[in-house]
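Below are some notes on the structure you sent. They are set out as numbered points, to be read beside the coordinates.

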Amino acid sequence: MEYEIKCSKCGRKTRDLLSYKCKCGQPLKVQLLQGFEAEKIRWKNYTVWRYSSFFPYVEEKAIITLGEGWTPLVKFSKNAYFKLESLNPTGSFKDRGSTVLISALHKLIGNEGYIAEDSSGNAGASIAAYAARAELKARIYVPESVSGPKFNQIRFYGADVVKVSGSRSEVTREAQKAEEKKFYIGHVLHPLFRDGIRSLAYEVAEQFEWRVPERIYLPVSAGTLLLSVIEGFNHLYSSGVIDEFPTIVACQTRQVSPLYHRFKNLSYTPPEKITSIADALVSVNPPLLELMVEELKAVKGEVEVVDEGETRKSFVELAEKGFFVEPSSAVAYAAYKKHLVNREITGQEKTLIVLTGSGLKTTVQQN
Ligand SMILES: Cc1ncc(COP(=O)(O)O)c(C=O)c1O
Ligand SMILES: [Zn+2]
């Protein structure tokens with residue numbers, strides 16, 4: 001066995017690729033039992049599957065791909081770089097998770113069953129696309145407030161959509177309700193979805209020729225991106241492929257900032273209604289919160305929040321410089337700018353900002 005799927009709390013192992021949580025209720029995690037070796041990269045493959053050796057639970061013949069990954073790394077200023085995850089096939093980084101999850105599971109589900117996923121939009125659109133490619137039935141549960149373009153995207157991929165009123169947690173509850181032929185594979189909890197996003201760390205390291213940036217800014221909501229990027233860098237670091245661990249900066253909006261507050265031991269009261277234009281960052285009570293705090297502290301990461309005005313300004317500024325990304329992605333750039341203005345960083349540090357989603361999905365109108 002080259003990997004284990006293990007509970008992040010009690011350590012219990014499972015071999016069931018369909019499990020989305022441990023019997024004790026806590027999140028599961030994939031652990032590779034092999035180091036990262038650059039010789040195992042498939043040099044001519046410019047997708048996530050370049051790193052197929054490090055996803056040993058996926059059979060080569062079962063791979064479902066839309067050409068995700070190997071997204072451009074663009075130099076933005078003297079020391080700042082953007083990773084254009086917005087250029088993935090469905091317009092967000094989620095495709096890394098979907099390609100791995102759907103490749104690993106589609107044969108176990110077959111034509112009789114259907115997969116159920118809950119998402120504020122991007123993950124739902126991504127899972128719907130990969131399900132379509134695998135000829136798998138999908139039902140996506142979304143909050144009533146789902147943004148128009150993402151909803152449209154899910155529908156065009158041919159998935160059933162169920163709109164659920166109430167909080168984000170209620171959407172999850174509805175999606176998890178047991179029904180005949182239903183396989184719940186919710187992307188927040190499912191360990192294989194998170195595991196696919198690990199490929200982002202490999203790519204960043206490889207594109208920087210194994211000298212990783214000192215600082216990496218990421219927008220955080222449910223924490224799948226954050227935890228997977230940490231996992232990927234941990235793998236590279238423990239394998240001796242990189243010798244410095246980047247400082248990971250988890251960026252949130254002030255409205256939705258449970259991680260920021262818990263990390264700093266501050267109390268957090270979510271707003272009654274989320275009105276931020278960063279409409280992908282809505283997890284006020286993320287199930288992976290404890291894990292995020294633990295892992296971010298273990299790698300000496302940082303947290304930051306930005307106000308609505310800073311998000312909007314950064315979104316517009318990025319567009320005016322040619323980078324049309326989702327307002328949720330602009331949150332990471334806003335945090336980077338804030339650190340420059342507050343002189344928390346000098347600007348001499350080699351820095352990466354992950355631009356997670358495409359601006360073509362936004363409903364924000366120009367003034
Ligand atoms: C564009 C975009 N950026 C960032 C995030 C945050 O990712 P996570 O929920 O994994 O923290 C999301 C999640 O939906 C997203 O769609
Ligand atoms: Zn457990």
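1. The model is predicted, and every value in this note should be read with that in mind.

2. The zinc ion (ligand 2) has four sulfur donors: the SG atoms of Cys 7, Cys 10, Cys 22 and Cys 24. The coordination distances run from 2.2 to 2.3 Å. Along the chain, the donors are spaced as C-x2-C-x11-C-x1-C.

3. What is the arrangement of the four donor atoms around this zinc ion? The angles they subtend are 104 to 122°, so the arrangement is tetrahedral. For that label, all angles among four donors have to lie between 85 and 135 degrees.

4. Two of these zinc donors sit in separate loops. Cys 10 is in the loop between strand 1 (3–7) and strand 2 (13–14), while Cys 24 is in the loop between strand 2 and strand 3 (28–32); the pair therefore ties together parts that are 14 residues apart in sequence. Cys 10 counts as partly exposed because its relative accessibility is 43%. Cys 24, at 40% relative accessibility, also counts as partly exposed.

5. A check for disulfides gives a count of zero. The cut-off applied is 2.5 Å between a pair of cysteine sulfur atoms.

6. Ligand 1 is surrounded by 15 residues, and the closest are Asn 122, Ser 221, Gly 223, Thr 224 and Thr 356. A backbone N or O atom of Ser 221 is 2.7 Å from an oxygen atom of the ligand. A polar backbone atom of Gly 223 lies 2.7 Å from an oxygen atom of ligand 1. Thr 356 contributes a polar side-chain atom, placed 2.7 Å from a nitrogen atom of ligand 1. Of the 390 Å² that ligand 1 exposes when taken alone, the protein buries 97%.

7. How many residues of helix 6 (residues 199–207) are buried? The count is nine of nine. The buried residues include the charged-type names Glu 203 and Glu 206, along with Leu 200, Tyr 202 and Val 204. Following helix 6 is Glu 209, which has a positive phi near 55°.

8. Two pairs are separated in sequence but have short listed C-alpha distances. Glu 2, in the segment before strand 1, has its C-alpha 6.1 Å from that of Leu 32, with their positions 30 residues apart in sequence. Glu 2 counts as partly exposed because its relative accessibility is 43%. Arg 168 is part of helix 4 (residues 168–176) and lies 6.8 Å from Ser 283, C-alpha to C-alpha, although the two are 115 residues apart in sequence. At 17% relative accessibility, Arg 168 counts as buried; the limit for that class is under 20%.

9. Some backbone angles deserve a look. Most residues other than glycine have a negative phi. Trp 70 is not a glycine, yet its phi is positive, about 45°. Trp 70 belongs to the loop between strand 3 and strand 4 (73–75), and with 23% relative accessibility it counts as partly exposed.

10. Arg 343 likewise has a positive phi, about 60°, and is not a glycine. Its place is the loop between helix 11 (327–341) and strand 13 (351–355). Is Arg 343 buried or exposed? Its relative accessibility is 74%, so Arg 343 counts as exposed.

Conventions: Residues numbered from 1 in each chain as written. Chains lettered and ligands numbered in written order. Predicted model: local features only at pLDDT ≥ 70, side-chain atom pairs only at ≥ 80, totals over all residues. Heavy atoms only, no water. Donors = N, O, S within 2.8 Å, 3.2 Å for Na, K, Ca; no water. Tetrahedral: all angles 85-135°; square planar, octahedral: opposite > 155°, others 65-115°. Helix = DSSP H or I, 4+ residues; strand = E, 2+ residues; numbered from the N terminus. Buried < 20%, exposed > 50% of the residue type's maximum accessible area, 1.4 Å probe, protein only. Near = heavy atom within 4 Å. Polar contact = N/O pair within 3.5 Å; in protein donor to acceptor, adjacent residues only side chain to side chain. Areas by Shrake-Rupley, 256 points an atom, 1.4 Å probe, with all protein chains shown as cover.
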